[in-house]
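Q: Please pick one small part of this model and walk me through it closely. After that, carry on from there into the rest of the chain, and keep it informal.

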Amino acid sequence: MELVVDFRRCNNPPPAPVNILGTDVDVVESYKYLCVHLNNNLDWTHNTDALVKKGNSRLFLLRRLRSFGVQGPLLRTFYDSVVGSAIFYGIVCWSSSITDRDRKRMDRLVRRASSVLGCPLDSVEVVGNGRMMAKLSSMLNNASPPPLQDTLTALGSSFSERLLHPRCVKERYRRSFLPAAVRLHNKHNTR
């Protein structure tokens with residue numbers, strides 16, 4: 001299968017299909033890779049649909065446990081390990097670039113889980129920012145793969161612990177992991 005991502009503005013014909021050993025490769029609009037749904041627009045709508053669907057089915061299990069009299073820490077442990085892990089899977093990748101509509105759908109799911117548990121839960125934005133900061137800190141403190149380590153070293157400021165913002169021409173890059181994580185890092189270090 002081949003996923004073609006094409007942001008050209010002109011109406012050029014689609015590229016010729018890839019041919020391997022005399023067989024054309026099927027072109028798809030979306031692809032599931034490591035349980036993350038990617039589409040040819042590089043937006044996260046397919047992924048959000050899948051996460052909401054999976055979260056709702058697991059939320060049903062949480063409600064069933066509560067109806068059987070399970071309460072307190074055991075119910076919260078079930079939420080963290082079964083429901084929350086499904087809802088927030090891959091959040092470092094998609095949290096900074098999902099649409100407001102998709103973020104509201106995810107937050108609605110978290111609020112429903114919160115009402116079942118009877119305690120407040122962090123929103124998608126809070127969880128995403130926390131995990132993004134943890135990932136960036138891990139990358140800064142450990143030896144990252146060479147190309148990424150070179151990029152992070154180049155972003156380091158010689159005057160403070162802040163990181164320089166990477167140059168972003170396109171909005172989709174501005175909302176990707178590295179620029180979003182740098183913004184969070186600098187916001188956290190100015191306090």
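A: L21 sits in the loop that joins strand 2 (19-20) to strand 3 (23-24). Keep in mind that this is a predicted model. What makes this leucine worth a stop is its backbone: L21 has a positive phi of about 50 degrees, even though it isn't a glycine. As background, most residues other than glycine have a negative phi. The side of the story you can see on the surface is that L21 is exposed, at a relative accessible area of 86%.

There's another leucine to put beside it. L34 also has a positive phi of about 50 degrees without being a glycine. Its setting is again a loop, the one between strand 5 (30-33) and strand 6 (36-39). L34 counts as exposed because its relative accessible area, 60%, is over the 50% cut-off.

Now for strand 4, which covers residues 27-28 and includes V28. V27 belongs to strand 4 as well. How do these two valines come out, buried or exposed? V28 is buried, with a relative accessible area of 18%, whereas V27 is exposed, with 51%. The cut-offs are under 20% for buried and over 50% for exposed, so 18% puts V28 in the buried class and 51% puts V27 in the exposed one.

Their contacts lead back to the start of the chain. Setting aside residues up to four places away in sequence, V28 touches M1, E2, L3 and V4. On that basis V27 touches E2 and V4. For a sense of spacing, the C-alpha atoms of V28 and N40 are 8.1 Å apart, with their positions 12 residues apart in the chain. V27 and P17 are 10 residues apart along the chain, and their C-alpha atoms are separated by 7.3 Å.

Step back for a second to see where these strands belong. The protein has eight helices and six strands. Read from the N terminus, the order is β-β-β-β-β-β-α-α-α-α-α-α-α-α. So far we've been among the strands; now over to the helices.

R58 is a handy way in, as it lies in helix 1. This arginine is partly exposed, with a relative accessible area of 26%. Neighbours within four places in sequence aside, R58 contacts F78, V82, V83, S85 and A86. R58 and A113 are 55 residues apart in sequence, but 9.8 Å apart in space, C-alpha to C-alpha.

Several of those names bring us to helix 2 (residues 72-87), which bends by about 35 degrees at D80. Its buried residues are L75, F78, Y79, V83, G84, A86 and I87. What lies over them? The cover includes helix 1 (45-67), helix 3 (91-94) and helix 4 (100-117).

The pairing with helix 4 is worth a closer look. Two packed helices are described by the angle between their axes and the distance between the axes. Here, the axes of helix 2 and helix 4 come within 11 Å and cross at roughly 170 degrees. Helix 2 and helix 4 are therefore roughly antiparallel to each other. Helix 2 puts L75, R76, Y79 and I87 into the contact, and helix 4 brings M106, L109, V110, A113, V116 and L117. By type, the residues of this contact are nine nonpolar, no polar and one charged.

To finish, a few whole-protein numbers for the same model. Buried residues make up 32% of the 191 residues. Of the contacts with a separation of 6 or more, 57% are between residues 24 or more positions apart. The protein exposes about 12,500 Å², and carbon and sulfur atoms supply 55% of that area.

Methods
Residues are numbered from 1 along each chain as its sequence is written. This is a predicted model: local features need pLDDT of at least 70, side-chain atom pairs count only at pLDDT 80 or more; totals for chains, interfaces and linings use all residues. Side-chain values use heavy atoms; hydrogens and water are left out. The bend at a residue is the angle between axes fitted to the seven residues ending there and the seven starting there. Helices (H or I, at least four residues) and strands (E, at least two) are DSSP runs, numbered from the N terminus. Buried means under 20% relative accessible area, exposed over 50%, partly exposed in between (1.4 Å probe, protein chains only). Contact means heavy atoms within 4.5 Å. Axes are lines fitted to C-alpha atoms, for helices over the stretch in contact, and angles run from 0 to 180 degrees between N-to-C directions. Angles under 35 degrees count as roughly parallel, over 145 as roughly antiparallel, 65 to 115 as roughly perpendicular and the rest as oblique. Ala, Val, Leu, Ile, Met, Phe, Trp, Tyr, Cys and Pro count as nonpolar, Asp, Glu, Lys and Arg as charged, and the others, Gly among them, as polar. Accessible areas come from the Shrake-Rupley method with a 1.4 Å probe; for residues, only the protein chains shown count as cover.
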